[in-house]
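Here is a walk through one protein model and the ligand placed in it. Have the sequence and the coordinates open while reading.

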Amino acid sequence: MKSLSLSLKKLVNILNDGEFHSGAFLGKTLNISRNAIWKHINQLAKYGIHIESAQSKGYRLNQPLILLQSNLIKKNTDYSGKLYPDKIEILGSIPSTNDYLKHYRNTGTDTVSICLAEHQSAGKGRFGRSWHSPFGSNIYLSCGWRISKDVSKLSGLSLVIALSVIKALEQYGLKNNLAIKWPNDILWDDKKLAGILTEISAESHSVTQVIIGIGLNVNMPVVGKDEIDRPFASLNNILNAPQDRNIIAGLLITHLLQSLEKFDEYGFTGFMKQWKQYDYLLNKKTTLSVGKIHVKGTGAGIDEQGHLLLRDSHGEIKKYSAGEASLHSSIKNTSASCENSCSTEKVG
Ligand code: BTN
């Protein structure tokens, strides 16, 4: 389902009052059959939304679903810079917003294409993981950008994107406890609040296609261990109330565009100072994993290309360009060493 049907949107709006409504009432109000209502309810359940049903009373939503609306997102987005969206598309249920944008190629380098989905059936995370994407709850946003630069000039880009998410969250009102775990996990109080998946492909020596995917937990419904196996944070729990995703999406787009434009013009160096403020690994005992290989060290910041710096037990600093970082205590077996196989380099 590329875009949401009008009747499904209207059904959600009625159920948002948190009261029970009978199938007969819903059918009459929306001018569709009771069977069609039942199909919509089933669809929502498949999307991960719990709808309570009681034989004599009907259906009810436990948590309101504030649906995405492009006019509200645009109202909360500031396009005053050189880079602006050629479109902001709202989709219903699709496998992955990143994959969706891969098939859409914008032609200009001054524009980006943006899409958001209410639900992803195969949301993708880093390292081949899946990204839990229940309907109408969180932000699943992708941005396609053609940049007039060779791939080799893009190091640090994923850190810049993480900083733009932080800025959006701060403008939204989150003041404390935000950090970035290299390269781009957004944490709140040590728990993952947002993740970023950047997919880069070279079109030629001078043009690169970048697809940026941002998943931000906003109104995450109660989930089981099978769905998310790591500690996570969600804005509704942090702020003790359901949040309007349209406002947050507008802020995310605004700060993303501003940061991409600055990165295009000045590169990564202009962001180094900001990074220091949010560096989760700085001075912490860290394990960097690349597949089955684990390397241990103490976080020593980043270099001018955005590589991670780790100080080893001899006090030597080495740099790393890829891998998944975690604090020491979270990795139990560190059988293999990474001396030659993680693209390491000694630093001055
Ligand atoms: C991570 O593992 O931390 C990255 C998660 C990225 C999830 C987002 S949701 C929007 C976009 N579409 C996807 O399939 N993945 C990204």
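The text below goes through the sheet, then a helix, then the ligand site. The model is predicted.

Start with the sheet. Seven strands form an open sheet with mixed pairing, and their order across the sheet is β3-β4-β5-β9-β8-β7-β6. The edges are β3, residues 84-94, and β6, residues 178-181, each of which pairs on one side only. From one strand to the next, the twist averages 20 degrees.

In general, the strands of a sheet pair through backbone hydrogen bonds, in either a parallel or an antiparallel arrangement. One antiparallel pair here is β7 (residues 185-188) with β8 (residues 191-202), joined over three bridges. Within this pair, Leu 187 stands opposite Lys 192, a residue of β8.

Helix α8, residues 245-266, packs on the sheet. The strands that α8 touches are β3, β4 (111-120), β5 (139-147) and β9 (208-216). The direction of α8 makes about 25 degrees with that of β5.

Now turn to the ligand. It is surrounded by 20 residues, of which Ser 96, Gln 120, Lys 124, Arg 126 and Lys 192 are the closest. Lys 192, already met opposite Leu 187, has a side-chain N or O atom 2.6 Å from an oxygen atom of the ligand. Ser 96 places a polar side-chain atom 2.8 Å from a ligand oxygen atom. In the case of Arg 126, a backbone N or O atom lies 2.7 Å from an oxygen atom of the ligand.

How much of the ligand does the protein bury? Taken alone, the ligand exposes 420 Å², and the protein buries 98% of that.

Note on methods
Residues numbered from 1 in each chain as written. Predicted model: local features only at pLDDT ≥ 70, side-chain atom pairs only at ≥ 80, totals over all residues. Heavy atoms only, no water. Pairing = 2+ DSSP bridges. Helix = DSSP H or I, 4+ residues; strand = E, 2+ residues; numbered from the N terminus. Axes fitted to C-alpha atoms, helices over the stretch in contact; angles between N-to-C directions. Contact = heavy atoms within 4.5 Å. Near = heavy atom within 4 Å. Polar contact = N/O pair within 3.5 Å; in protein donor to acceptor, adjacent residues only side chain to side chain. Areas by Shrake-Rupley, 256 points an atom, 1.4 Å probe, with all protein chains shown as cover.
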